[in-house]
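Let's take a walk through a handful of helices and a couple of single residues. Have the sequence and the 3D view open as you read.

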Amino acid sequence: MKRTPFARRTVAALAAVAASALVLSGCSGGGSGSGDEKVTLTFMRTGTPEQLRPLFEPMIEEFEQQNPNITIDMQDLGWADATSSIGVMAGSKTLPDVMYHLPGQVFELAEQGLVLDVADRMSDELRDDIYPVLLESGQYQGKQYLVPSAATPLLLWYSVDLFEKAGLDPDNPPSTWEEYLDAAAAIEKATGVPGSGMYSKPAGGETSFMFESLYASEVGGPSWDANAQKYTYDEPANADAAANALQFMKDMTQNAQPNLVEYDRFTTRTLLRDGKVGMALDGINMVGQVKDQVDSGDIRVAAMPAGASGKSISAINVGGWFIPSSSEHPDEAWKFLEFLMSTENQTVHSSYGSVPVLKSESAQYEGQYWDVLTESLLSGVPEGISPKTGSLWTTNGEQLQALLTTKQSASKTLENIVEEHSAEY
């Protein structure tokens with residue numbers, strides 16, 4: 001039987017993971033709820049309901065069987081309406097008892113006293129099972145407001161067919177920025193296909209995430225100072241590394257598809273899927289468009305090429321669960337949240353579009369694909385997120401689009417970013 005990149009480990013390994021899951025389940029207080037009181041918890045996972053309900057409804061059914069006094073009322077919320085809807089619910093204190101969302105808005109709610117710090121509720125087993133960089137990504141001002149349950153680093157995705165036609169070795173993808181630019185040029189010269197898939201739309205922090213990741217690899221450390229709540233690339237001492245990262249982004253456009261102003265990450269994924277570009281830097285969400293090609297080996301993934309530090313370091317983007325302070329049943333809400341974080345349930349959740357969040361989850365998999373994902377978590381740094389992320393991303397997105405689509409230089413782009421950030425902090 002052919003082993004695909006998405007295949008699991010051996011039965012023995014699965015048994016070990018199942019045992020781990022039982023440990024976590026045991027720690028979560030599985031079984032009957034706390035007392036005879038009938039409790040209904042509202043539950044919301046931001047995203048596409050048609051894809052999420054088939055994942056979570058079986059979990060809810062199992063939880064309710066184990067806890068007959070607790071009923072879970074799952075509610076839907078699409079990404080398009082999320083920001084405004086959460087604001088309305090927060091204002092009326094009707095946020096669900098357990099909710100999934102992104103740290104920027106969760107930390108903004110936390111500043112208003114609307115989110116519980118769950119640090120003291122977390123068992124040692126769960127805390128130790130979550131990759132440290134992800135656990136840190138859920139913290140704000142020293143408190144654990146978010147329990148990470150989805151994450152992605154920036155990765156290198158590439159076409160094996162175009163590599164071979166260009167005389168490149170698909171078993172040795174570019175590991176440095178210089179090798180990336182050389183490979184992109186070679187692909188375009190040999191095939192006429194743009195070697196690099198790029199995107200420049202300013203919304204959603206997509207290009208900001210790329211800049212932040214490339215800078216981290218260039219400087220060899222974090223791109224965000226959690227104590228100062230500032231990007232480290234705004235500091236004069238790091239200006240050269242920041243300018244180098246910006247220049248690399250601009251250099252990547254030399255062998256990219258035309259009309260970058262029309263592309264975001266999603267539309268760039270289809271270019272790689274359809275053989276219209278040779279490489280692209282993107283998160284794990286790429287799999288949603290190229291799973292068949294990854295499974296067949298036609299598209300592969302590798303660590304992001306390294307900058308001057310020689311280390312492949314990506315910022316790590318996360319989302320996760322939180323409990324609003326308005327919940328009337330915080331103990332039952334935590335019991336359900338911890339149930340969702342069991343190895344078995346988190347593995348199902350990750351199939352929606354995440355790298356493994358738990359070490360016990362990673363232990364189920366084997367092969368180059370999963371090794372790349374795990375290594376990226378071990379070397380990665382938390383993405384810079386604060387209540388001011390929205391305005392910071394807007395600045396970065398506009399300046400980076402000017403960098404990638406006009407003659408604006410790397411040095412001028414950095415100068416503008418630093419100046420605007422100083423007014424926003």
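## Helices and their neighbours

Start with Thr-374, which sits in helix α16, residues 368–379. Keep in mind that this is a predicted model. Setting aside residues up to four places away in sequence, Thr-374 touches Tyr-131 and Ser-362. Now look for Asn-416: it comes 42 residues away from Thr-374 in sequence, and the two C-alpha atoms are 36 Å apart in space.

Next up is Gln-289, part of helix α12, which covers residues 287–296. Is Gln-289 buried or exposed? It counts as buried, because its relative accessibility is 18% and the cut-off for buried is under 20%. Beyond the neighbours within four places in sequence, Gln-289 has contacts with Phe-266, Arg-269, Thr-270 and Arg-273.

Here are the helices that come up in this report, with their residue ranges:

| Helix | Residues |
|---|---|
| α4 | 103–111 |
| α9 | 206–219 |
| α12 | 287–296 |
| α16 | 368–379 |
| α17 | 389–405 |

On to α4. Seven of its nine residues are buried, so the rest of the structure largely encloses this helix. The buried ones are Pro-103, Gly-104, Gln-105, Val-106, Phe-107, Leu-109 and Ala-110. What do these buried residues of α4 pack against? Two helices are on the list, α3 (79–91) and α6 (132–137), along with the strands β3 (98–101), β4 (139–140) and β13 (315–322). Just past the end of α4, Gly-113 has a positive phi of about 75°.

Then there's α9, a helix of 14 residues that reaches 20 Å from first C-alpha to last, close to the 20 Å expected at 1.5 Å a residue. It's mostly covered, with 13 of the 14 residues buried. After α9 comes Gly-220, and its phi is positive too, near 80°.

How does α9 pack with α17? The angle between them is about 80°, and their axes are 8 Å apart. That angle makes α9 roughly perpendicular to α17. On the α9 side, the contact is made by Thr-207, Ser-208 and Phe-211. From α17 come Trp-393, Asn-396, Gly-397, Leu-400 and Leu-404. Sorted by class, the contact has four nonpolar residues, four polar ones and no charged ones.

Terms used: Residues numbered from 1 in each chain as written. Predicted model: local features only at pLDDT ≥ 70, side-chain atom pairs only at ≥ 80, totals over all residues. Heavy atoms only, no water. Helix = DSSP H or I, 4+ residues; strand = E, 2+ residues; numbered from the N terminus. Buried < 20%, exposed > 50% of the residue type's maximum accessible area, 1.4 Å probe, protein only. Contact = heavy atoms within 4.5 Å. Expected span 1.5 Å × (residues − 1). Axes fitted to C-alpha atoms, helices over the stretch in contact; angles between N-to-C directions. Parallel < 35°, antiparallel > 145°, perpendicular 65-115°, else oblique. Nonpolar A, V, L, I, M, F, W, Y, C, P; charged D, E, K, R; others polar.
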